[in-house]
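Reader: I'm new to this structure and would love a close look at a single part. Could you walk me through the aromatic pairs?

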Amino acid sequence: MTTTIDRSIDASVTDSSPDFGHATHLTCRECGAEYGLGAAYACVECFGPLEVAYDLSTVTREEIEAGPRSIWRYSPLLPVAAYAKDEPNLAPGFTKLVRADNLADRLGMSAPLWVKDDSGNPTHSFKDRVVAVAQSAARRLGLSTIACASTGNLANAVAAAAARAGMGSVVVIPADLEAGKTITTATYGGTLLAVDGNYDDVNRLCSELIGDPITQTWGFVNVNLRPYYAEGSKSMGYEIAEQLGWRVPEQVVIPVASGSLLTKVDKAFRELTKLGIIADEEYAVYGAQATGCSPVAQAFSEGQEVVRPVKPDTIAKSLAIGNPADGPYALDAVRRTGGAITSIPDPEIVSGIRLLAETEGIFAETAGGVTLGNFIRLLESGQASRDKETVLANTGDGLKTLNAVEDVVGPTATISPSVAEVKAVIH
Ligand SMILES: *Cc1c(COP(=O)(O)O)cnc(C)c1O
Ligand SMILES: [Zn+2]
């Protein structure tokens, strides 16, 4: 039975009727129980995750196309007020969809290949999308500080978004992250807590902090604001469809940490189809992990529906979530669409980074290497096709993970400034 419990309106922290656009309520993905729009994330009946539900019946393609060139053009499909775009924010999104002909040739593809390059976001990863939507929700709920448990890119995105908006930020990270993520985050200001532990320890700490009086004015973007945060990832799917001329690619490959981005790109394609904005065409969603943290790929290959937690050990730190919250939903999406979730060892991540850089001039972080490396394996095994139009998601920027390549690349030669020495190297 579906019950309706409204726990959203804590009069001390909300306006009388927060404006979440066309969003109508939160619903439990497991049992369907319904809740009011508030800072709630787990079902009190069954502990299932809550998801935003909408009435999208009036949304049109023309309305979207008339919007700004940022994620805010998709405001009608997100849990945000129409005026969210006018509040101080980083205005992420509408990143380039790059036609990757050189890479397609190298891989022997006969169908077009594209890279959705989210390194072009304000803090150089797709996390700016999810933070923009969660930040808007925090404002609607009267919260003055945004907080997060992060594997690195989210730390950047939260600290920068808070700075732009004049809000407080509290960012909690594992202490062993790349300097490209910790130094940048610290430079944006706010509170940065480096925890002696892995991401799963950090995430548990944040869950324990919720409910403590010191966090009363905080919104943890990926914990108690997670339903809103997660919806921000849909914008990558909307953009891919719009940039292809309002259609879906036949194959799309997405890196998997918690599994949220993958789940939401699929949701975006289904929503656009249901609204009649794109034709109802088949597509396959593929998920990419590093073998050193591959709980979802393991569950996929074993035919399991539950994901067994692992202890991460990989250079792909942005994907190092050993206990992925959306793992089962990512499995559902790839199985329903005929895709797969696979993994590759660290050396192939490095090769993937180099191949994308050498063929297309795109310097990806480790997650981008994971995506391309897995796609190569999928082609070799026949699980993906060279004859199908494909989009690879590059979700972050290689300048943040220089350590991944520093031992394998360098100057062709180090010489003194003389023509003779140049000629000695280049003949
Ligand atoms: C967080 C992150 C992901 C995966 O995100 P999930 O939604 O948790 O699966 C992918 N790539 C990069 C670069 C990230 O920072
Ligand atoms: Zn439930």
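Author: Happy to; here is a look at the aromatic pairs and their surroundings.

This is a predicted model, in which local features need pLDDT of at least 70, side-chain atom pairs count only at pLDDT 80 or more, and totals for chains, interfaces and linings use all residues. Residues are numbered from 1 along each chain as its sequence is written, chains are lettered from A and ligands numbered from 1 in the order in which they are written, and side-chain values use heavy atoms, leaving out hydrogens and water.

A pair of aromatic rings is described by the distance of the centres and the angle of the planes. Rings of Phe, Tyr and Trp (its six-membered ring) pair if their centres lie within 6.5 Å; planes under 30 degrees apart count as stacked, over 60 as edge-to-face and the rest as tilted. The structure holds 4 such aromatic pairs.

One of them joins Tyr74 and Tyr238, a tilted pair with 5.2 Å from centre to centre and 35° between the planes. This pair links distant parts of the chain, 164 residues apart: Tyr74 is in the loop between helix H1 (61-65) and strand E5 (97-99), and Tyr238 is in helix H8 (residues 234-243). Helices (H or I, at least four residues) and strands (E, at least two) are DSSP runs, numbered from the N terminus. Tyr74 counts as buried because its relative accessibility is 0%, and Tyr238 is buried with a relative accessible area of 0%. Buried means under 20% relative accessible area, exposed over 50%, partly exposed in between (1.4 Å probe, protein chains only).

Phe269 and Tyr283 form an edge-to-face pair, 5.1 Å centre to centre with 80° between the planes. Phe269 is buried at 0%, and Tyr283 is buried at 11%.
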